Amino acid sequence: MNSVGNISKKIKEGFIGQRMIVLPPNIKKIVLRNALINRFYLTDMGFYPHAVNHDRERKAGCHQYILLYCIEGKGTIYLPGNTIELVPNTFFIIPRQVPHHYKSSQEDPWSIYWVHFMGEAADHLTARYYQDKSSLVSIPYDEKRMQDFEEIFSMLESSFDEKQLEIANIKLFNYISSFVYFKEINPSYQEDDVISDSIAFMKRNLSRMLTLEQLAKQQHLSVSQYSRLFKTKMGSSPNQYFSQLKIQKSCQYLYFSDRNIKEICAELGFQDPYYFSRLFKKLMGKSPAFYKNQHKKS
């Protein structure tokens with residue numbers, strides 16, 4: 001079946017950089033008639049980055065299950081008799097027809113991927129998830145998870161052709177399953193993987209001056225436990241490693257851009273250019289200016 005023309009797939013909600021798709025009613029009818037996907041299908045999906053003042057309450061619940069996956073910041077989900085704090089690298093699936101209220105933190109607004117989905121197979125899949133009473137699950141950051149989401153989103157963004165709908169929803173089933181069965185799919189995931197996740201978090205936040213306390217909290221560990229695990233795996237302290245990543249990035253800027261040292265400092269979260277220069281010389285054995293001039297001469 002050909003895609004339906006003149007359909008607006010993007011809905012504005014008010015968050016800078018947001019992305020959102022809602023399947024129109026006539027497209028949902030196509031899905032419900034399709035035996036390949038009518039047992040598991042999405043109704044809408046999106047990504048809200050730094051969602052300041054995001055606040056949604058449904059006193060009668062929702063017809064669909066709602067996956068909320070937080071990658072930055074934090075927020076709270078309120079269910080009858082239960083309150084869930086969603087922090088980076090955690091997800092939660094809100095049950096169907098259950099009153100709920102969720103909102104982003106005022107101090108540290110969350111960035112979340114979200115999907116509304118339903119169907120008979122969705123009932124069975126989420127039943128597996130709810131078997132675990134500690135339903136809030138922490139998972140390591142994985143770039144492929146973002147790529148999979150983008151692939152599904154892009155398919156629906158480009159067309160509502162029936163075959164596209166089939167492929168997107170089949171991929172979505174695998175995507176949601178990767179959350180529900182994460183522990184079973186990744187039996188070797190242990191504490192040291194927390195450090196790989198923390199390093200990925202550092203690389204995504206080179207523009208910030210993260211403290212040891214913030215790094216430990218991001219992994220839901222005490223400072224002492226986090227520091228011990230990090231030193232054991234990487235051979236250096238978290239702060240030392242984070243500084244090394246920043247200096248490595250500054251080398252790229254010095255080599256491949258025309259940014260001056262003051263601009264590079266701002267890009268990497270250094271408020272004091274003199275501190276940056278001292279750190280650079282300590283790690284690289286030469287000043288940033290000498291490093292940049294040396295490259296220009298080569």
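How far is the sulfur of Cys-265 from the closest cysteine sulfur, and in which residue does that partner sit? In this predicted model, the gap is 13 Å and the neighbour is Cys-251, so the two sulfurs are too far apart for a bond. Cys-265 itself is tucked away: its relative accessible area is 2%, which makes it buried. Cys-62 tells a similar story. Its sulfur has its closest cysteine counterpart in Cys-70, 20 Å away, and that is again too far for a bond. Cys-62 is buried too, at a relative accessible area of 8%. With a disulfide calling for sulfur atoms within 2.5 Å, a search of the whole structure comes up with zero.

Turning to the pockets, the largest one holds about 410 Å³ of space. It has 17 lining residues, and those closest to its centre are Gly-73, Pro-88, Asp-108, Phe-201 and Arg-208. Helix α7, spanning residues 212–218, supplies the largest share of this lining, with three residues. In terms of chemistry, the lining of the largest pocket splits into seven polar, five nonpolar and five charged residues.

The second largest pocket offers about 290 Å³. Here 13 residues make up the lining, with Lys-144, Asp-148, Asn-174, Tyr-175 and Ser-178 nearest the centre. Two or more lining residues come from each of α3 (143–158), α4 (162–180) and α5 (182–185), and α3 chips in the most, with five. Sorted by class, the lining of the second largest pocket has six charged, four nonpolar and three polar residues.

Terms used: Residues are numbered from 1 along each chain as its sequence is written. This is a predicted model: local features need pLDDT of at least 70, side-chain atom pairs count only at pLDDT 80 or more; totals for chains, interfaces and linings use all residues. Side-chain values use heavy atoms; hydrogens and water are left out. Buried means under 20% relative accessible area, exposed over 50%, partly exposed in between (1.4 Å probe, protein chains only). On a 1 Å grid over the protein atoms alone, a cavity is a set of points where a 1.4 Å probe fits but cannot get out, and a pocket is an open set with protein on both sides within 12 Å along at least five of seven lines; lining residues have an atom within 4 Å of a point. Grid points are joined across faces, edges and corners, and a volume is the space filled by probe spheres set on the points. Helices (H or I, at least four residues) and strands (E, at least two) are DSSP runs, numbered from the N terminus. Ala, Val, Leu, Ile, Met, Phe, Trp, Tyr, Cys and Pro count as nonpolar, Asp, Glu, Lys and Arg as charged, and the others, Gly among them, as polar.
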